[in-house]
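This report describes part of one protein chain for a reader who has not met the structure before. Please keep the sequence and the 3D view at hand while reading.

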Amino acid sequence: MEVVKVCGLRKLEDIEYCAENGNGKITHLGIICVPGRKRSIEREVGLKISQVLDKCTTKDKRPKLVGVFRNQPLNDIIALTKEYRLDAVQFHDDNPEWLEWSLELLNIQKNNPLFEKASSSSPSSSPSSSPSSSPSSSPSSSSSSSSSSSSSRTNTYPPFSIIKRWCFPRDRMLIVQYAKKISEMNLQNHFIFLFDSETGGEGKVSNDWKAVSDFLQEIRKNKNISTGLKFVMAGGISPENVQILKKTCPEINGMDVSSGVENEKTGWKDYEKVERYVAEASMKDGEYRETEL
């Protein structure tokens with residue numbers, strides 16, 4: 001799996017454990033920046049997370065710190081992105097301006113003094129491009145070039161990601177629409193599409209995995225959508241059903257877990273469950289443990 005995410009982290013010791021024991025296989029650590037939720041991060045903890053990650057991991061094994069937001073003003077998102085030194089922002093809502101906000105966040109990160117700029121970007125891949133405007137080339141040629149030339153994009157923009165939650169099958173038309181736009185702008189390496197429930201963190205399987213698999217097969221055949229765009233599954237995932245998910249929906253690029261690796265009594269992360277989840281998710285294709293469907 002390209003993306004192995006543990007979300008809903010609240011304690012520094014849990015974050016340190018995931019970073020140190022993930023062996024570079026946990027790629028993303030999520031914190032809830034939405035006020036008043038069961039797993040909301042406390043400000044004093046959020047301010048210390050990046051320091052903890054810097055100390056306990058090497059650069060090549062450092063997981064990305066993801067801030068999860070829902071129905072919050074852009075100024076608040078920008079402020080917490082800077083204060084917590086987030087590596088990614090997750091829009092877990094239906095804000096129609098999410099793509100415009102994403103481009104603004106990318107531009108802010110591009111001017112971040114912590115990011116060492118390389119060569120200037122080409123007009124067709126600039127984050128400042130309007131999401132409604134099309135590049136000079138046709139969508140098909142843009143998609144072709146975007147899937148084959150990622151080096152210039154990687155050298156031009158900071159390693160910052162946007163994760164967008166989608167509810168399936170409700171949002172299937174929007175998924176196709178925005179996947180095309182992001183591919184046209186040659187920014188697919190900065191976006192992850194997440195299949196989850198409306199609020200998330202409920203511990204229930206929120207998607208028909210077989211239906212998502214069929215849908216992603218259609219997506220991958222669409223020449224106007226770059227193969228570099230990642231799709232991740234969330235909702236009711238646990239160490240016990242990771243293999244079932246991988247067999248049922250092999251088209252996904254990763255998975256996201258929260259309550260599935262928590263102690264049912266305390267609500268805190270269960271380190272044994274985290275280890276099992278990472279081990280199951282990190283198995284390569286063809287190494288599936290025998291699991292009854």
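In this predicted model, R165 has L194, a residue of β6, as its bridge partner. The two strands concerned, β5 and β6, pair in the parallel sense, and five bridges link them. On to the next strand, β6 is joined by four bridges to β7 (residues 230-234), again in a parallel arrangement; there, F195 is partnered with M233 of β7.

Strand β6 is mostly covered, with five of its five residues buried. Which residues lie on each of its two faces? F191, F193 and F195 are on one side, while I192 and L194 are on the other.

Together, β5, α8 and β6 form a β-α-β unit that is right-handed. The helix of this unit, α8, runs over residues 172-184 and holds 13 residues. From its first C-alpha to its last, α8 reaches 19 Å, close to the 18 Å expected at 1.5 Å a residue. Its buried residues are I175, Y178, A179, I182, S183 and E184. In general, residues three or four places apart in an α-helix point the same way, because such a helix has 3.6 residues a turn.

F193 offers a view of how these elements meet. Beyond its neighbours within four places in sequence, its contacts include I175, Y178, A179 and I182, as well as W98, W166 and F231. F193 is also one of the residues with the most contacts inside the largest nonpolar core, alongside W98 and Y277; that core has 67 residues. Helix α5 (residues 98-110) supplies the largest share of this core, namely six residues. A second, separate core has eight residues, among them A88, I163, I192 and L194.

The loops hold some backbone features of note. F168 and P169 are joined by a cis peptide bond, with omega at about 10 degrees, and P169 is placed in the loop between β5 (161-166) and α8. Two residues that are not glycines have a positive phi, as listed below.

| Residue | Phi | Loop | Relative accessible area |
|---|---|---|---|
| R85 | about 55 degrees | between α4 (74-83) and β4 (88-91) | 35% |
| N186 | about 60 degrees | between α8 and β6 (191-195) | 9% |

Are these two residues buried or partly exposed? Buried means under 20% relative accessible area, so N186, at 9%, counts as buried. R85, at 35%, is partly exposed.

Conventions:
Residues numbered from 1 in each chain as written. Predicted model: local features only at pLDDT ≥ 70, side-chain atom pairs only at ≥ 80, totals over all residues. Heavy atoms only, no water. Core = buried A, V, L, I, M, F, W, Y, C linked by side-chain atoms within 4.5 Å. Buried < 20%, exposed > 50% of the residue type's maximum accessible area, 1.4 Å probe, protein only. Contact = heavy atoms within 4.5 Å. Expected span 1.5 Å × (residues − 1). Pairing = 2+ DSSP bridges. Right-handed = clockwise from strand over helix to strand, strands pointing away.
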